[in-house]
Amino acid sequence: MQRGSDRLSVHRDDEMKHELKGLLRSGHPTRVEEWHDPEPAADDDPQVWSGPVGGLGSQASLERWRLELARHLNRHAFPARTGELARALRRSNAPGGLVDAVARLPHGDRFENVQQLAEALVGGE
């Protein structure tokens, strides 16, 4: 029998496989005690995947807009005008709400970085 660097015995390996079999087949936790299971998201948790969230004009809102923009725009996209940034967001499959918000900005505006764009979005809300 080859043990190599295994920390557990063959019997313990088989026992662990048997314990995990239900979880692997079902795709959800199989424990009886629900305090073992991870807590689901609450009803009032923000829906982050749908776009930036937060109060209008708040510092948190500015940070969320900036974070969401930075996820989809790299620094090579700047400096750029509003239309160019909206097209870049569409190419990077950004959420529709983010693309629409950028597209609603005045078309003559030119932005040097994500911070300026985020400030314009928060100011325009």
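Which side chains meet in a salt bridge at 3.8 Å, N to O? The answer appears in the first close-up below, and the other views go on from there. Please keep in mind that this is a predicted model.

**View 1. The side chains of E112 and R110 form a salt bridge.** Here the N to O distance is 3.8 Å. Take a look at how far each partner is open to its surroundings. E112 has a relative accessibility of 42% and counts as partly exposed. R110 is partly exposed too, with a value of 43%. This pair belongs to a set of 3 salt bridges found in a search of the whole structure.

**View 2. R12 and E15 join their side chains within helix α1.** Helix α1 runs over residues 10-26 and holds both partners. They sit 3 residues apart, about one turn of the helix. Why does such a spacing suit a contact along a helix? An α-helix has 3.6 residues a turn, so residues three or four places apart point the same way. The salt bridge between R12 and E15 spans 3.0 Å, N to O. R12 is partly exposed, at 31% relative accessible area, and E15 is partly exposed as well, at 42%.

**View 3. In helix α2, E68 meets R71 in a salt bridge.** Now we move to residues 59-72, the extent of helix α2. E68 and R71 are 3 residues apart there, about one turn of the helix, and their side chains come to 3.3 Å, N to O. Is E68 buried or exposed? E68 counts as buried because its relative accessibility is 6%, and buried means under 20%.

**View 4. P95 lies in the loop between α3 and α4.** On one side of this loop is α3 (82-91), and on the other is α4 (96-103). The relative accessibility of P95 is 19%, so this residue counts as buried, given that the cut-off is under 20%. To link this view with the previous one, find E68 again: P95 and E68 are 27 residues apart in sequence, and their C-alpha atoms are 9.2 Å apart in space.

**View 5. Helix α4 has buried residues, among them L98 and V102.** V99 and A101 in α4 are buried as well. L98, V99, A101 and V102 cover an arc of only 160° around the axis, which means that they lie on the same side of α4. Try following the helix from L98 to V102 to pick out these buried positions for yourself.

Technical notes. Residues numbered from 1 in each chain as written. Predicted model: local features only at pLDDT ≥ 70, side-chain atom pairs only at ≥ 80, totals over all residues. Heavy atoms only, no water. Salt bridge = Lys/Arg side-chain N within 4 Å of Asp/Glu carboxyl O. Helix = DSSP H or I, 4+ residues; strand = E, 2+ residues; numbered from the N terminus. Buried < 20%, exposed > 50% of the residue type's maximum accessible area, 1.4 Å probe, protein only. Arc of directions from axis to C-beta.
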